[in-house]
Amino acid sequence: KYVLWNGKILDQDDKEVSVSYEDRGYQFGDGVYEVIRIYQGAIHLLDWHLDRLFYSMKEIDIVPPFTREQLIEQLRDVIKANQFQADGKLYIQVTRGEQPRDHLYEPNLQAVYYAIVTPFEKPVDMWENGVTVMLQEDIRWLRCDIKSLNLLPNVMARTTAQKNGYDEPLFYRDGIVRECGASNFFLVKDQALVTHPTDHHILGGITRKQVIRLAKELGIPVYEREIDLNELEKAHECFLTATPLEIVPITQIDEKKMNGGAFGPITKKLFRYYQEKIPEDLFS
Ligand code: PLP
């Protein structure tokens, strides 16, 4: 298996493929990442993912170790080197680089990055049965718009959800529903979609963006506005969106069953249309 390692395509067992203990990603989580879907060897919605990766680097002041064109070329190379033609995921991570441990970073550090391709099983079980979510107070920082490596609150929330018999956390802050632990949240009310606006409280999901685009094509109105916690009671359907999961119905929020615990009709329509449109946004 081959990895993209700081611009080179290397065997995963190559001794160059190793991280210094003084890498700031390792010590501080000082870095950013992307997860991209691959369908039959082709990359999905690459432009939007690259826009977000460059945005995340800019916001935390990492000097990109590649140009956009170089990275695209290298991502193609790593897929090619693995002769990867199946369904998979592409993980890209960029950390600020190495230096003696100090909160203050040195200017012009050489950022460290890698990308790997992994095969991926479609989450058919979730598509058939949906997921249950547990409301939890959002204890994350106030720059959730940056796809940062610091995922400890997400890890803790997911664990708490699982321990309580739920699949995923659903975060709220100041009485407003924000997003799930690793996905965006939508509700359906009166045949329209409502989802949190893109600001520092949520990650601007690529799947969220695609779903909004597709909903508009289908003539389904979309409102990007804050959702009050007590609106959940009146929602007709709810679903979450994330790159690996696409669209997954939420069948239960805390004790309350949504849409009788089944896949709602608007969610289903969007799910089908999403699948149908995948070939239009592939890059290889
Ligand atoms: N929100 C959070 C906190 C996430 O971690 C993710 C993805 O991992 C998303 C939303 C969904 O984003 P995307 O659709 O780009 O995968």
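The shell around the ligand divides into five nonpolar, six polar and two charged residues. There are 13 residues around the ligand in this predicted model. L203, G205, I206, T207 and T243 come nearest. Two elements give two or more residues to this shell: α6, residues 206-217, and β14, residues 237-242. Helix α6 supplies the largest share, three residues.

How confident is the prediction? The chain averages a pLDDT of 97. The share of residues that score at least 70 is 100%. For the model, ipTM is 0.99 and pTM is 0.98.

Stay with α6 for a moment. I212 sits in this helix. The residue is buried, because 20 other C-beta atoms lie within 10 Å and the cut-off for burial is 20 or more. Now look along the chain to Y223. I212 and Y223 are eleven residues apart in sequence. Their C-alpha atoms are 9.3 Å apart in space.

Helix α6 also turns up in the packing of α7, which covers residues 265-277. Take the geometry of α7 to begin with. Its 13 residues should span 18 Å at 1.5 Å a residue. The end C-alpha atoms are 18 Å apart, so the helix agrees with that expectation. Which residues of α7 are buried? They are I266, T267 and L270. Seen down the axis, these buried residues fall within an arc of 100 degrees, so they line one face of the helix. They pack against β10 (184-189), α6, β14 and β15 (246-253). Both α6 and β14 thus appear here as well as in the shell around the ligand. R272, Q275 and E276 are exposed on the other side of α7.

Just before α7 comes a loop. A262 lies in the loop between β16 (256-257) and α7. Is A262 buried, exposed or partly exposed? With 15 other C-beta atoms within 10 Å, A262 is partly exposed. The residue also gives a sense of distance across the model. A262 and V78 are 184 residues apart in sequence, and their C-alpha atoms are 40 Å apart in space.

V78 leads to helix α3, where V78 is one of the buried residues. This helix runs over residues 68-81 and has 14 residues. From its first C-alpha to its last, α3 reaches 20 Å, close to the 20 Å expected at 1.5 Å a residue. The buried set in α3 is L71, Q74, L75, V78 and I79. Why do these residues share a side of α3? They cover an arc of only 140 degrees around the axis, which puts them on the same side of the helix. On the other side of α3, E69, Q70 and E73 are exposed. The cover over the buried residues of α3 includes β1 (2-5), β2 (8-11), β4 (42-44), α2 (46-59), β5 (88-95) and β6 (112-119).

Helix α2 belongs to that cover, and its own geometry follows a similar check. At 1.5 Å a residue, its 14 residues should span 20 Å. The end C-alpha atoms are 20 Å apart, which agrees. L46, H49, R52, L53, S56 and M57 are buried in α2. They cover an arc of only 135 degrees around the axis, so they lie on the same side of α2. What covers them includes β3 (31-39), β4, β5, α6 and β17 (282-283). Strands β4 and β5 are therefore listed in the cover of α2 and in that of α3. Helix α6 returns here too.

Backbone angles come last. Most residues other than glycine have a negative phi. Several residues here depart from that pattern. Just after α2, D61 takes a positive phi of about 65 degrees. After α3 comes Q83, with a positive phi near 45 degrees. Q83 is a residue other than glycine. Its place is the loop between α3 and β5. Only 9 other C-beta atoms lie within 10 Å of Q83, so the residue is exposed.

N6 has a positive phi as well, about 50 degrees, although it is not a glycine. Where is N6? N6 lies in the loop between β1 and β2, strands that are also in the cover of α3. N6 is partly exposed, because 15 other C-beta atoms lie within 10 Å.

Technical notes: Residues are numbered from 1 along each chain as its sequence is written. This is a predicted model: local features need pLDDT of at least 70, side-chain atom pairs count only at pLDDT 80 or more; totals for chains, interfaces and linings use all residues. pLDDT is the predictor's confidence in each residue, from 0 to 100. A residue is near a molecule or strand if its C-beta atom, placed from the backbone, lies within 6 Å of it. Helices (H or I, at least four residues) and strands (E, at least two) are DSSP runs, numbered from the N terminus. Ala, Val, Leu, Ile, Met, Phe, Trp, Tyr, Cys and Pro count as nonpolar, Asp, Glu, Lys and Arg as charged, and the others, Gly among them, as polar. The expected span of a helix is 1.5 Å times one less than its number of residues. A residue is buried if 20 or more other C-beta atoms lie within 10 Å of its own, exposed if 12 or fewer, and partly exposed in between; C-beta atoms are placed from the backbone. The arc is that of the directions from the helix axis to the C-beta atoms. Two residues are in contact if their C-beta atoms, placed from the backbone, lie within 7 Å.
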